Amino acid sequence: MTTAADHHVDPDIARAETLPPSAFTDPAFLELELRTLFARSWLLVPPAWGAPASDDTRSLAELVAVRGAHAPFTLLGRPLFLQRDWEGALRAFPNVCTHAWHTLVDGPGRARTVICPQHGRTFDCEGRFVGQQGFSKDALPGFPRPCDHLQAMAVGEWGPLLFVAPGAPARPFDAWLAPVRETTAGLGLDAMQRRTHGAEVREVEGNWKLHAWNYMDTFHITFIHRAPGGLADAIDMSSYRTELFDGAALQWAYAKDPRDGFDPARLPARFRDPARPERRVFALWWLLFPNVTLNFYPWGLSINAYEPVPGRPERTLFSWHHLVADEAQYARREEGWLSHQVDAEDVLAMKQVRRGVASGLAPRGRFAPGAEQGPHWFHRAVYEAVFGA
Ligand code: FES
Ligand SMILES: [Fe+2]
């Protein structure tokens, strides 16, 4: 049974248990998450139009920058398209005709209307049915019904990043992003350029929450990422901070080698250490609840999303995109520390955890109050979003 009582995550970390293992394996729980948590969240629109490593560098944000432009994308396995109207408002619509369900838009384009290829049903840029041969109001009482128009989903724009809310979002877009924007205002997001090199989309093992939990898990860094030249060598672990907000969480630490860190002038003053002004922040690691991470480095931004795969709770569609601010620093980003090594270490750890989760032998865990505020925050946020607590 999927009840709130069976999944309760106490707001007090000292009392809280993790979500039960079944929340990571049960198709019914994933269904419930899709209807509740994901329906009410801002979800990242995949940044790329072309295949991940193709030469097509166009981003979806660029493709729909002008009035009347549209472009299709897939999110949570569902076909959607972005449409900018002639007043400049951007919306997302199901890429499914309301007549007999043919795909409406199969590539980027720009027009006053969207015309279905199958029987010619025509919609305007705001998704309204405007006409179709054979469908006159006189012959069809009550036509068009509200559902004959395309149902718009809200879209939020932040520079090159687009987000869509499948249902009524739990948080207003600007309020949700305010703390993220505050810390990154000096990092030039708008001017960053997408790189297809390094872009990747692949299906990995483990429920989407295992990946987000792992991201919030500072505790594992000195264990899993202790290899020479790895993450634990690149940052000063004693300076590691986790800051929790409503719907977002920031982790950051000072670099061991100041050459690997941000120019302090690019970050708000609170990131400076008054006692040791030479210290530089290695990265701003933002998790945007539920499933997107924005990883700001001096070279630019690495974007990850952990998309659930409908019907398959133990798989995650993992995507990885880079936006580059500084070419020289981007070129040497693997020298400071081995980001691919860290990625491989996490994937291996997730394989092990996934086996444990599915074993039928896993009890609900507890949290270390001094070391696991991030994981606790994440479990609690899932509980609240799914059960409306
Ligand atoms: S399916 Fe679109 S017009 Fe028939
Ligand atoms: Fe990790």
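**Close-up views of a predicted model**

**View 1. Where helix H5 touches helix H10.** In this predicted model, three residues of H5, namely Leu-210, His-211 and Asn-214, are in contact with Asp-346, Met-350, Val-353, Arg-354 and Val-357 of H10. What kinds of residues make up the contact of H5 with H10? Four are nonpolar, two are polar and two are charged. Try finding each of them along the two helices.

**View 2. How the axes of H5 and H10 cross.** Helix H5 covers residues 208-216, while helix H10 covers residues 339-357. Their axes come within 11 Å of each other, and the crossing angle is roughly 125°. Why are H5 and H10 called oblique to each other? An angle of roughly 125° is not over 145, nor does it fall in the range 65 to 115, so the pair counts as oblique. The crossing of these two helices is right-handed.

**View 3. An open sheet of seven strands.** Follow the sheet from one side to the other and you will meet its strands in the order E1-E10-E9-E4-E3-E2-E5, with antiparallel pairing. Which strands are at the edges? They are E1 (43-44) and E5 (109-110), each of which pairs on one side only.

**View 4. Strand E2 beside strand E5.** Here we look at one end of that strand order. Strand E2 (residues 69-75) runs antiparallel to E5, and two bridges join them. Opposite Ala-69 you will find Arg-110, which belongs to E5.

**View 5. A helix lying across two strands.** Helix H4, made of residues 173-184, lies across strands E9 (153-158) and E10 (161-165). Its direction is at about 15° to E9.

Conventions:
Residues numbered from 1 in each chain as written. Chains lettered and ligands numbered in written order. Predicted model: local features only at pLDDT ≥ 70, side-chain atom pairs only at ≥ 80, totals over all residues. Heavy atoms only, no water. Axes fitted to C-alpha atoms, helices over the stretch in contact; angles between N-to-C directions. Helix = DSSP H or I, 4+ residues; strand = E, 2+ residues; numbered from the N terminus. Parallel < 35°, antiparallel > 145°, perpendicular 65-115°, else oblique. Left-handed = near helix turned anticlockwise from the far one by under 90°. Contact = heavy atoms within 4.5 Å. Nonpolar A, V, L, I, M, F, W, Y, C, P; charged D, E, K, R; others polar. Pairing = 2+ DSSP bridges.
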